[in-house]
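Student: Could you go through this model with me, starting with how the protein chains meet and then moving on to the DNA?

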Number of protein chains: 2
Amino acid sequence: MIRKPATIHDIANHLNISPSTVSRALSDHPRISAATKKLVVETARVLNYNPNRLASNLRKGAGSTIGVVLPLINRHFFANIISGIEKVTANRGFSVIICQSSEKLENEIESLHTLLRNRVAGILISLSSESRDNSHLKALKNSNVPIVLFDRSIEDPEFDKVIINDFRGAYLATSHMIDQGYTNILHFSGPLQISTYRRRFEGYRQALLDRGIPFDPKKVYENVINREKAELLTEELIRSGLPMDAIFSASDMSALGALIRLKAHHIKVPEEIGVAGYVNEPFAAFIDPSLTSIEQFGEKIGIRAAETLLKKIDGSANPEDTQLIEPELIVRKSTDRIIQQQR
Amino acid sequence: MIRKPATIHDIANHLNISPSTVSRALSDHPRISAATKKLVVETARVLNYNPNRLASNLRKGAGSTIGVVLPLINRHFFANIISGIEKVTANRGFSVIICQSSEKLENEIESLHTLLRNRVAGILISLSSESRDNSHLKALKNSNVPIVLFDRSIEDPEFDKVIINDFRGAYLATSHMIDQGYTNILHFSGPLQISTYRRRFEGYRQALLDRGIPFDPKKVYENVINREKAELLTEELIRSGLPMDAIFSASDMSALGALIRLKAHHIKVPEEIGVAGYVNEPFAAFIDPSLTSIEQFGEKIGIRAAETLLKKIDGSANPEDTQLIEPELIVRKSTDRIIQQQR
DNA sequence: ATAAGTTGCGCAATCGATTGCGCATTTTTT
DNA sequence: AAAAAATGCGCAATCGATTGCGCAACTTAT
C-alpha cells in the first residue's frame, strides 16, 4: 500500500484545528496551550508524522544540512574526518551531504554547485591537489554560505580553517631521530609547492638546525610520495653508497618503500638505519619493523571543523581564523634503537 | 555583501517574461521557442542562477538525494563502498546523505527518520551488528521509499540486496590452503549468528568436505574477531601443542594476531604453518609475511547497490532480489609454501 | 466596572519551482 | 477560405511548513 507521509494538515484535520497551530505546537510556541500541544504531539505520533525538511528549509531559507567536499573518501585519514563530522552534526540535528572531488578541480567546483543547489547551511571543504586557483572559493564568499576549510587549505586569512601543525609533526619526528643518535637524516618529501609537504620540510629543517646539525638541501628528495618511487630511490641510494643513517619520509607509503628495499639489502632497521613515516596509516603498526609515524587525529579534525562551522552557522561565535591541530609522534621500532624493542 | 541566490523570478523580471516560461525553458520544454530558451539560459548564467533543490524537490514530491546508512565510515571496506556509491550518484545528479549508525540499532533507526525527513529518493543501508529485529525496515516498506540493502542484510526476500558471496570466499581460501598441502586447518571465526561469519564458516567446511578432509567442529573457534583475542588464542594453541598446520581466519585482524604470536615463537609462516585472513585490509600486503586474504571489492558493491537503487527509483527495472558479488582470493606469502616467495 | 494586558488560535502570505489549463497567434490541413 | 492543429506563453494552484498580524475570550489592573 502506497501512502504519502503525513503532513501538519493531516494532524490539523484530525483535531479540527489549523495547521498553524499544529506547527506552533510542534515547535513549542509559548502561545499554544499545554493541552493542545499534548494532543498535537500525540496524534503526530499516531499518524507517524515526520516533518518535511524540504518544506521547512525552503520556508526558513536553508537550514539543516551541511555539505562536505573532500578529495577522496576511501582514505583512512579522510574517512576518519567524515566520521568526526558526522558525530558532531548528527547530535545537532544536521544531515551531511558528502561529495568527492577525486582530486579534480572540476569535480570540486561541481560539488560546490550541488551543495549550493541543496541550500546547505554551511560547507566543509578540503581542497583537491589540483586546486591552485581559488576563485571558486572566493565566489562562495559572497553567496553568504558559511565555510570552513580543513586539512588542505589556502593561505587566505579570509577563510576559517582547521589544519594540522605539519611543521610540528615533522619537527617532532626529526628531533626524535636525532635523540636516537641519527645524524645523517634524509628527507623524502612530496611536491614542495603543496603547503602540507612544504611545512613538513620546514619542520625537518628547523629541527636539524636547532640541534646544531647542518641542513643540506641535497638530502631532501622531492616528489617521493608513493611506495614505488620510494623503492626506486632507496635502491639507488643504497647502490650509490651515499652516507646516511636515517630517512624521514613525509608519508607512510614511501617510508614503507624504503623499508622494503633496506630489508632486501639486509640493512638493519633501526640499528643501522632509522626510518620514520607520516600520517600513521593503520598498517604502520603491523609491518615489521613497525613504523614510527605521526598521528594526525583525523576524527578530531572533523569534530573541530564541524563545531567551528556550526558556530558560524548559528552566529554564536566568530571563531579564530586558523585552528591548529597538534599531531603526535608515535614511536615504534623503526627508529627505536636506544631502548631497543624493550617493552 | 550579502546576496540571496537568484531565482527564476529574477530571471523572469530581467526578461519581462513569466516564471513559468523560465522554468520550462530551463527544463527544455518543447512548447518554448528556441529563442526564449537561449535568452533564459544566458541570463541564468549571468545572474549566477542555481536552481533551488529544496523548492524543486518539494514540488515534485522528493527527488534528488539518496540516503546511505552504514555501521562505520572509517573502515576501509565501508569507505570504499561510499566511494563507489558517490561515483554513481554524482553522475546522475543525485546527492548523497551519509549517516553512521556506529553499530547501534538506535542510531540506525534515527538515521532512517532523518533520511525520511529529508524526503530522500531512496535508501541504501547496511545493518548495524545490533540489528536483529527488522521492524524498522519493514516499516520503511509502506513508506514507499525504494531501499536496497548492501553487505549486512537480512534474509527477507522482500528486500533487494547486494551482498558478498562469503561462502565462496571462504571456500576459495580453504581450497587454496589445501592445495598448498595444509591438512589440519583451524578456523578463527566471528559470532556465528551473524550471517557473514556463518557463511564463511560454511564455505570453510564445505571446502574441507569436498577435498575429503574430515570436518572437525573443535577446530572452529568462535568470536575471535580482533587481534587481541587472536593473540591470546594462538598463544594458548601453541602452548597446548594442539596439532595444526594452518589457520584460516574470518578477519585480517585476527589473522594478524595469529601471525604475531607464531612469529614470537619462531614458527615459520608459511613453511610450518599457513595463515590466511579475510577482507584484504590495506595492511595485508605490507606485513611480513604478507597475508593471503579475500578481496571483497567494496567499491564495486557500492556501485552495484547504487545502480540498483537508481533503477528502482526511476522504475526502469525491477532488479533481482539478491545480487551476489564474487570475492577474489589474493594469494600472498603467508600461505605460499609451494612456489615459495619466488617472483 | 472599565481599561489594559494576556492567552489561544486562525488567516493568509511566503519560500522557489513546477505544471494543468487556457488563451491568443501562427501554421497546416481540407 | 474555413476548420483544425500546432506554437508560445501566462495564470494560478500546488508542494508542506512557517510566521506576522489580527481577533476573540479571558484575566488582571485601576
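Student: How many salt bridges does the rule find across the interface of chain A and chain B?
Tutor: In this predicted model, the rule finds 2 salt bridges across the interface of chain A and chain B, where a salt bridge is a side-chain nitrogen of Lys or Arg within 4 Å of a carboxyl oxygen of Asp or Glu. In one salt bridge the side chains of A:K263 and B:D288 meet, with 3.4 Å from N to O.

Student: And how many are there over all chains?
Tutor: The count over all chains comes to 32 salt bridges by this rule. The pair of B:D288 and A:K263 joins two chains, because B:D288 lies in the loop between β9 (274-276) and β10 (293-295) of chain B and A:K263 lies in helix α11 of chain A. Helices (H or I, at least four residues) and strands (E, at least two) are DSSP runs, numbered from the N terminus.

Student: Before I read on, what conventions and confidence limits apply here?
Tutor: Residues are numbered from 1 along each chain as its sequence is written, while chains are lettered from A and ligands numbered from 1 in the order in which they are written. Local features need pLDDT of at least 70 and side-chain atom pairs count only at pLDDT 80 or more, whereas totals for chains, interfaces and linings use all residues, and side-chain values use heavy atoms, with hydrogens and water left out.

Student: OK, back to the interface: what area do chain A and chain B bury between them?
Tutor: They bury about 4,300 Å², 56% of it on carbon and sulfur atoms; buried area is the accessible area (1.4 Å probe) that two parts lose on being put together, summed over both. Of the area that chain A buries against chain B, 17% is supplied by A:L54, A:R119 and A:F286, more than any other three residues. The contact, meaning heavy atoms within 4.5 Å, takes 46 residues from chain A and 46 residues from chain B.

Student: Which strands run antiparallel across the two chains?
Tutor: β2(A) is joined by 2 bridges to strand β2 (residues 95-100) of chain B, and they run antiparallel; two strands pair if DSSP finds at least two bridges between them. A:V96 stands opposite B:I98 in β2(B).

Student: Switching to the DNA, which residues are closest to strand C?
Tutor: DNA strand C is surrounded by 22 residues, and the closest are A:T21, A:R24, B:I8, B:Y49 and B:R59, with a residue counted as near if one of its heavy atoms lies within 4 Å. Of the atoms of DNA strand C within 4 Å of the protein, 51% belong to sugar or phosphate and the rest to bases.

Student: What touches the phosphates of strand C, and what reaches a base oxygen?
Tutor: An N or O atom in the side chain of A:S18 is 2.9 Å from a phosphate oxygen of DNA strand C, and a backbone N or O atom of A:S33 lies 3.0 Å from a phosphate oxygen of that strand. A polar side-chain atom of A:R59 lies 2.9 Å from a base oxygen of DNA strand C.

Student: And what does chain A place beside the phosphates of strand D?
Tutor: A backbone N or O atom of A:I8 lies 2.5 Å from a phosphate oxygen of DNA strand D, and an N or O atom in the side chain of A:Y49 is 2.7 Å from a phosphate oxygen of DNA strand D. Both A:I8 and A:Y49 are listed among the closest of the 22 residues that surround DNA strand D.

How values were computed
Polar contact = N/O pair within 3.5 Å; in protein donor to acceptor, adjacent residues only side chain to side chain.
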